[in-house]
Amino acid sequence: MTLPAAGSRAPDFTTRNQYGEQVRLSDFAGHRDVVLVFYPYAFSQVCTSELAALRDRPDLLSRAEFLAISCDPMFTLRAYADREDLGFSLLTDFWPHGAIATSYGVFESERGCATRGTFVIDRAGLIRWSVHNQLPDARNPDDYAEALANLA
């Protein structure tokens, strides 16, 4: 897999969030920095702990638009967000299956899911920082905070 390089334009996409609302990455351009958080599976242990760690960091969530993306269907994401009290957008990459994750180089076709890739995108739509972890390896939200601080 090849991740888009820092300094390159973030691949644009349009999809739906857990409420069925259309979300387009380029709509944030010029208005808000974005953090894309790809994760493998709703309701899995590591994914739940990672997203709960974000939920519990309002200081971090206030600094950028956090968009968590998985290949789960929209209705699964709604149930997951409600159960875990996740107040940020969970985006579906269900169909075409894994297209967004593929464009960011984090789709694992053998398992049919995204791996743990995170991309910080500035208001100009450029990737400024990224990290890629394998499926069992949780990410550290402090790394996101540092990357966002470097945008200023």
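In this predicted model, the side chains of Asp-122 and Arg-128 come together in a salt bridge, with 3.2 Å from N to O. The two partners sit in rather unlike surroundings: Asp-122 counts as buried because its relative accessibility is just 11%, while Arg-128, at 39% relative accessible area, is partly exposed. There is also a network on show here, with Glu-50, Arg-116 and Arg-139 joined into one by salt bridges that share partners. Searching the whole structure turns up twelve salt bridges. As a bit of background, side chains of opposite charge can pair when their charged atoms come close.

Two more of these pairs are worth a look. Asp-82 bridges to Arg-78, and the closest N and O atoms are 3.2 Å apart. Both belong to helix H3, and because they are four residues apart there, about one helical turn separates them. Asp-82 is partly exposed, at 48% relative accessibility, and Arg-78 is likewise partly exposed, at 36%. The other pair is Asp-56 with Arg-55, whose side chains meet in a salt bridge at 2.9 Å, N to O. Arg-55 has a relative accessibility of 27%, so it falls in the partly exposed class.

Then there is a charged residue that goes without. Asp-93 is buried but has no salt bridge. How far away is the nearest side chain of opposite charge? That side chain belongs to Arg-139, and it is 12 Å away; a salt bridge would call for a nitrogen within 4 Å of a carboxyl oxygen, so Arg-139 does not qualify as a partner. Asp-93 is placed in the loop that runs between strand E5 (89-92) and helix H4 (99-103). Setting aside neighbours within four places in sequence, Asp-93 touches Ile-69, Ser-70, Cys-71 and Asp-72 on one stretch of the chain, and Gly-98, Ala-99, Ile-100 and Ala-101 on another.

Ile-100, one of those contacts of Asp-93, is itself part of helix H4. With a relative accessible area of 7%, Ile-100 is buried. Beyond its neighbours within four places in sequence, Ile-100 is in contact with Phe-13, Thr-15, Phe-38, Ile-69, Thr-92 and Asp-93. The fold also brings Ile-100 to 8.6 Å from Asp-12, C-alpha to C-alpha, although their positions lie 88 residues apart in sequence. To be exact about that pair, Ile-100 and Asp-12 are 88 residues apart in sequence.

What about the residue that the database singles out? The unreviewed UniProt entry lists Cys-47 under "active site". Cys-47 is in helix H1, which covers residues 45-55. Is Cys-47 buried or exposed? Its relative accessible area is 0%, so Cys-47 is buried. Leaving out residues within four places in sequence, the contacts of Cys-47 are Tyr-39, Pro-40, Tyr-41, Tyr-80 and Arg-116. Arg-116 has already come up as a member of the salt-bridge network with Glu-50 and Arg-139.

Moving on to the nonpolar interior, the largest core is made up of 23 residues, and Leu-51, Phe-66 and Leu-90 have the most contacts inside it. At least two residues of this core come from each of strand E3 (34-38), H1, strand E4 (65-70), helix H3 (74-84) and helix H5 (141-149). Which element gives the most to this core? H5 does, with four residues. A second core, separate from this one, has 21 residues, among them Val-23, Leu-91, Ile-121 and Ile-127. Back in the largest core, Leu-90 has a mixed set of neighbours: not counting residues up to four places away in sequence, Leu-90 touches Arg-16, Asn-17, Gln-18, Tyr-39, Leu-51, Ala-68, Leu-77, Tyr-80 and Ala-81. Two of these, Tyr-39 and Tyr-80, are also in contact with Cys-47.

Zooming out, the protein has five helices and nine strands, and along the sequence they follow the pattern β-β-β-α-α-β-α-β-α-β-β-β-β-α. The C-alpha trace spans about 35 × 30 × 30 Å along its principal axes. The radius of gyration is 14 Å, which agrees with the value near 15 Å for a compact globule of 152 residues. Of those 152 residues, 49% count as buried. Among contacts with a separation of 6 or more, 64% are between residues 24 or more positions apart.

Terms used
Residues numbered from 1 in each chain as written. Predicted model: local features only at pLDDT ≥ 70, side-chain atom pairs only at ≥ 80, totals over all residues. Heavy atoms only, no water. UniProt positions renumbered as here; feature names shortened; annotations may be inferred. Buried < 20%, exposed > 50% of the residue type's maximum accessible area, 1.4 Å probe, protein only. Contact = heavy atoms within 4.5 Å. Lys, Arg positive; Asp, Glu negative; His and termini not counted. Core = buried A, V, L, I, M, F, W, Y, C linked by side-chain atoms within 4.5 Å. Rg over C-alpha atoms; globule rule 2.2 N^0.38 Å.
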